[in-house]
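Me: I'd like to go through this one with you and ask how each label gets its name. Can we take it piece by piece?

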Amino acid sequence: LNAFTPMIFAQKNIAQDERMEWWRDARFGMFIHWGLYAIPAGEWEGKEYPQIGEWIMKNARIPVAEYEKLAQQFNPVKFNAHDFVMTAKNAGMKYITITSKHHDGFAMFKSEASKYNIVDATPYGKDVIKALADECHKQELKLCFYYSQSRDWHEPNGLDNDWDFPKERDFQKYLDEKVKPQLTELLTNYGLVGMIWFDTPMTISEEQAQSLKNLVRSLQPACIISGRLGGGVETDYKSTGDNVIPAETVSGDWEVPATLNNTWGFKKNDHNWKSPEALTRLLFDIAAKGGNYLLNVGPTAEGVIPQASVDILAKVGKWMKTNSECIYGTKASPYKMEFKWGNITQKPGKLYLGIFNWPGSDFYLEGLKNKVKKVYLLSDKQQKVLPFKEYYNSDTDHHRLKIDLPEEAPDKVVSVVVIEIEGSAS
Ligand code: H79
């Protein structure tokens, strides 16, 4: 079985646990918002729009006939799929989710269902999704497709364009004539697809949502369906609100979609970048609460990921090179509470303490059930033992663990202390 055998793959039914396995291991992915909106980059007819860049068509109420002309200018000659994939890989990300079609209705892939696509409507004339798919398969990153199933500002029957199409619309017709054919193309022409990332619908009935789910399942049963399908239909995992990080552990599978600055699609004047330190802590904290982190980049109209984004992600990646063991394949903390010093991830027989606020040399952890075998810093290749003592409490049948830590934090961002235990933690 290889990446180009979806039809063979489709003959087999797949259990959800099997479908979700790679995703649960991955913990960290790259979101890519890329489309025609990268050309105006936040500005239309001399006016700057303060909101998210990919929404400019709606925010500036740009008529379809005007916005469409952007396609004639779209020529991302600097696009290089290898660069995109390397930026994700260097950050320690395990999957890429790219906008195949956002709310503006423009397809970044070759489509027979709508000529409004990158191959047929731009001077560039090449399928960037195909190039990215090939590169992802080669480099063993999962490729996933964002697809806006409800809003489509380009289509008279798509939802949410009330400036060109104020009258009644036939949403079912739009689903039948554009959404389903395009999903079929995406799930047929690009090898194995990791996931379809549907976005919050304006309205979609249960039957309509279910029919989209059935379509994905029938074409590629291994393809994950993300949390925002709508219609009350069950999906493979939950998606938090955009940039929303839960206060505590959430059960089940879930993902935080998040921006690096204040926009998804590229905006030339948004330089409000989150720091690599903050992002690294968020990555750990989200893993400790049981979730995945899907962190966005917005490539320019020329086809490059902004240098600031590349630099920030490289710094997160530097931490990951030493510490990824405490992220990949881990589960949520066995403790329900948060700690002043940070949070915890776990694997069978191991706890990873991610320490953001260094507590000094005397460190205590209450409530371990099983005996501790060994304590060391994840960054220490020699795994030199940190001295520790266990105090058994017969009332609770649990241990209180004291660890002698170094005076100073070994890592100013997140220092990771590994506790090897006999059996499970709690
Ligand atoms: O793709 C990104 C967003 O474009 C998309 N989801 C993420 C992943 C998204 N679709 N809808 N929304 C986000 C929420 C809509 C927010 C809005 Fe607004 C608030 C729409 C109108 C008011 C932001 C501010 C957009 C226009 C003004």
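Me: Which residue in S6 does Cys144 stand opposite?
Reply: Cys144 faces Met195 in S6. By the way, this is a predicted model: local features need pLDDT of at least 70, side-chain atom pairs count only at pLDDT 80 or more, and totals for chains, interfaces and linings use all residues. Numbering runs from 1 along each chain as its sequence is written.

Me: What makes S5 and S6 a pair?
Reply: Strands are DSSP runs of E with at least two residues, numbered from the N terminus. Two of them pair if DSSP finds at least two bridges between them. Strand S5 (residues 142-147) and strand S6 (residues 195-198) have four bridges, in the parallel sense, so they pass.

Me: Why is Glu140 called exposed?
Reply: Exposed means 12 or fewer other C-beta atoms within 10 Å of a residue's own, buried means 20 or more, and partly exposed is in between, with C-beta atoms placed from the backbone. Glu140 has 10, so it's exposed. Its phi is near 55°, a positive value in a residue other than glycine.

Me: And what makes Asp160 partly exposed?
Reply: Asp160 has 16 C-beta neighbours inside 10 Å, so it falls in between the two cut-offs. Asp160 also has a positive phi, about 95°, although it is not a glycine.

Me: How do you know that Leu283 is in contact with Phe28?
Reply: Contact means that the two C-beta atoms, placed from the backbone, lie within 7 Å. Leaving aside neighbours within four places in sequence, Leu283 has such contacts with Phe28, Tyr293, Val316 and Ile327.
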